[in-house]
Amino acid sequence: MRNAFAHEITQLAQQDERIVLLSGDIGNRLFDEFKAKCPGRFHNCGVAEANMIGVAAGLAMNGLRPICYTIAPFITYRCMEQIRVDVCYHHVPVTIVGTGSGLAYASLGGTHHSCEDIGMLRTLPDLVVMAPGDAHEVRGCLRSVLKQSKPAYLRIGKKGEATVHSDVPPIEVGKAVVLTPPGRITLVSTGNMLPIVQAAAALLATKNISCGVTSLPTVKPLDTAFLQTAFAISQIVATVEEHSILGGLGGSVAEWQSDQATRGARLLRFGTADEFYHETGEQEHAHEHFGLTPEKIVARILATLSRP
């Protein structure tokens with residue numbers, strides 16, 4: 001995902017001279033092409049992420065379109081006050097990009113995990129929150145946020161994630177990307193869980209259970225029109241995310257559902273538990289720990305279907 005981001009921001013910056021890229025002491029080689037093609041518009045702000053957000057807000061107030069980029073927990077948890085007060089309060093179009101989100105850096109311990117960032121940031125007024133499902137969605141999300149004049153948080157993976165789409169899908173802020181229409185089960189993914197959700201849908205198909213797959217690259221604002229349809233058609237709507245079950249996509253959908261006159265489908269939330277991940281292991285091991293594998297997702301869905 002990060003390579004797709006680097007390439008796409010380079011293309012977009014050549015078309016829009018207002019785009020300025022700020023880094024929190026990472027990505028120097030990653031952005032060699034950007035620096036060559038857009039000289040003077042890459043600034044390494046060092047290990048001073050909160051200051052980087054303030055610099056970006058100032059640049060945006062002067063008509064530029066700054067993009068802030070570093071590892072997800074460092075650009076969110078360390079910078080909450082600056083994102084809230086410098087960016088959102090002043091309604092400036094700063095795009096904050098957190099790479100290696102969720103459990104991408106599972107083996108590096110809790111300091112490098114970001115399983116609460118969506119829950120924190122989606123409470124901030126006016127901030128768009130996006131989590132693309134693969135490299136193609138990264139490109140589409142970046143294009144869409146730069147077409148608007150609002151602050152945004154773009155939560156991406158690290159590298160080597162499976163590609164689901166064959167090309168960049170049409171992505172609009174606040175709109176779902178429907179891969180297969182809702183069925184008896186509707187699986188709704190955000191972020192890099194999309195390949196796992198597709199694999200779960202394939203397993204359900206072997207059991208003759210119709211299953212729709214949808215990517216929600218925008219967690220805030222939610223595509224409530226899609227949710228209305230899915231909850232009206234399906235028996236179970238399952239949200240799947242590499243984020244805490246508290247406050248993320250599942251929490252957002254639960255809040256929306258609680259305000260509806262009729263509830264429709266049952267909601268199942270798949271995500272990380274309300275706990276720190278203290279084990280040592282790679283991302284796949286963390287998925288096993290939290291039940292975020294195709295097999296464990298399907299097992300829980302089948303168990304729910306068997307209950308009255």
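Visitor: What percentage of the 308 residues in the protein chain is made up of buried residues?

Guide: In this predicted model, buried residues account for 57% of the 308 residues in the protein chain.

Visitor: How should the overall dimensions be read, and what is the radius of gyration of the protein chain?

Guide: One compares the value with that of a compact globule: for 308 residues this would be near 19 Å, and the protein chain has 19 Å, so the two agree. Along the principal axes, the C-alpha atoms fill a box of roughly 60 × 40 × 35 Å.

Visitor: How many helices and strands are there, and what share of the contacts joins residues at least 24 apart?

Guide: The protein chain contains twelve helices and twelve strands. Of the contacts between residues at least 6 apart in sequence, 77% join residues at least 24 apart.

Visitor: Which residues of the largest nonpolar core touch the most other members?

Guide: In soluble globular proteins, nonpolar side chains tend to be buried together. Here the largest nonpolar core has 29 residues, and those touching the most other members are Ile185, Leu187, Leu204, Val240, Phe270, Ile297 and Ile301. Elements giving two or more residues to this core include β8 (185-189), β11 (236-244) and α12 (294-306), while α8 gives the most, with six residues.

Visitor: Which residues does Leu204 touch, leaving aside those up to four places away in sequence?

Guide: Leu204 touches Ile185, Ile209, Cys211, Val298, Ile301 and Leu302. A second, separate core of 27 residues has Ile9, Leu12, Phe31 and Phe42 among its members.

Visitor: How far apart are the mean positions of the positive and negative charges?

Guide: The mean positions of the 27 positive and 29 negative charges lie 3 Å apart.

Note on methods. Residues numbered from 1 in each chain as written. Predicted model: local features only at pLDDT ≥ 70, side-chain atom pairs only at ≥ 80, totals over all residues. Heavy atoms only, no water. Helix = DSSP H or I, 4+ residues; strand = E, 2+ residues; numbered from the N terminus. Rg over C-alpha atoms; globule rule 2.2 N^0.38 Å. Buried < 20%, exposed > 50% of the residue type's maximum accessible area, 1.4 Å probe, protein only. Contact = heavy atoms within 4.5 Å. Lys, Arg positive; Asp, Glu negative; His and termini not counted. Charge placed at Lys NZ, Arg CZ, Asp CG, Glu CD. Core = buried A, V, L, I, M, F, W, Y, C linked by side-chain atoms within 4.5 Å.
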